Amino acid sequence: MNTSALIRPAWTPATIALMVIGFMVFWPLGFAMLAYIIWGDRLEGFKRDVNRATDGIFTGCRRRSEKAARWGHGSARTGNVAFDDWREKELERLAEERRKLDEMLSEFDEYARELRRAKDQEEFDRFMANRNKSTAPTSTGSNEKAGPEGGKGTNLLDD
């Protein structure tokens with residue numbers, strides 16, 4: 001089974017044909033294909049960098065909106081004081097619930113981590129016990145061979 005892609009950032013017959021067709025149909029398509037052939041192997045790193053940058057931008061926007069909401073600038077007042085007060089209380093209650101859920105999540109993560117550690121320790125102890133059993137001398141006393149010419153042993157390979 002061939003695992004390489006037909007269109008990949010390399011000088012393959014398919015990519016060259018697409019580049020030529022791109023130039024014949026609409027010249028920017030040909031240039032785009034040429035750029036893909038030359039710099040396409042760097043595309044994954046570029047996408048990762050772009051995603052990190054945009055995540056940082058939107059994280060900053062979210063922080064600013066949360067800060068504005070804390071100071072009462074987050075959303076426009078409706079003019080109905082009772083509704084605005086109720087909405088602020090509900091938002092505070094939801095923020096408190098979110099904080100509690102985040103705490104519970106961190107507690108559960110710690111619990112799961114400790115469980116994995118305990119399971120790993122148990123498996124390691126079992127492995128070491130089995131290993132120590134297999135390396136310990138299995139027969140001692142009168143059943144041992146006395147030497148190269150000694151008596152008959154109990155090992156099957158000695159027969």
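**Entry 1: order of elements**

I read the predicted model from one end of the sequence to the other and found the pattern α-α-α-α. My tally came to 4 helices and 0 strands.

**Entry 2: the protein as a whole**

I looked up how much of the chain is buried: 9% of the 159 residues count as such. I then noted the exposed surface, which is about 14,000 Å². Carbon and sulfur atoms supply 60% of that area. For contacts, I considered pairs at least 6 apart in sequence, and 22% of these join residues at least 24 apart.

**Entry 3: helix H1**

I turned to H1, which covers residues 13-25. This helix has 13 residues, and from its first C-alpha to its last I recorded 18 Å, close to the 18 Å expected at 1.5 Å a residue.

Which residues of H1 are buried? I found Thr-15, Met-19 and Gly-22. Seen down the axis of H1, the buried residues fall within an arc of 65°, so they line one face of the helix. I recalled the general rule here: an α-helix has 3.6 residues a turn, so residues three or four places apart point the same way.

I also examined the face of H1 turned away from the buried side, and there I noted the exposed residues Pro-13, Met-24 and Val-25. Against what do the buried residues of H1 pack? They pack against helix H2, residues 27-39.

**Entry 4: Thr-15**

I selected one residue of helix H1, Thr-15, for a separate look. Its relative accessibility is 0%, and because buried means under 20%, Thr-15 counts as buried. I listed its contacts, leaving aside neighbours within four places in sequence. Thr-15 touches Ile-7, Arg-8 and Ala-10, and also Met-33 and Ile-37. I marked Met-33 and Ile-37 for the next entry, as both are on the list of buried residues of H2.

**Entry 5: helix H2**

I repeated the length check on H2, which has 13 residues. From first C-alpha to last, H2 reaches 18 Å, close to the 18 Å expected at 1.5 Å a residue.

Which residues of H2 are buried? I wrote down Gly-30, Met-33 and Ile-37. These residues cover an arc of only 65° around the axis, which puts them on the same side of H2. I then asked what covers the buried residues of H2, and the cover includes H1.

**Entry 6: summary of the pair**

I conclude with the two helices together: the buried residues of H1 pack against H2, and H1 is part of what covers the buried residues of H2. Thr-15 of H1 is in contact with Met-33 and Ile-37.

Conventions:
Residues are numbered from 1 along each chain as its sequence is written. This is a predicted model: local features need pLDDT of at least 70, side-chain atom pairs count only at pLDDT 80 or more; totals for chains, interfaces and linings use all residues. Side-chain values use heavy atoms; hydrogens and water are left out. The expected span of a helix is 1.5 Å times one less than its number of residues. Buried means under 20% relative accessible area, exposed over 50%, partly exposed in between (1.4 Å probe, protein chains only). The arc is that of the directions from the helix axis to the C-beta atoms. Contact means heavy atoms within 4.5 Å. Accessible areas come from the Shrake-Rupley method with a 1.4 Å probe; for residues, only the protein chains shown count as cover.
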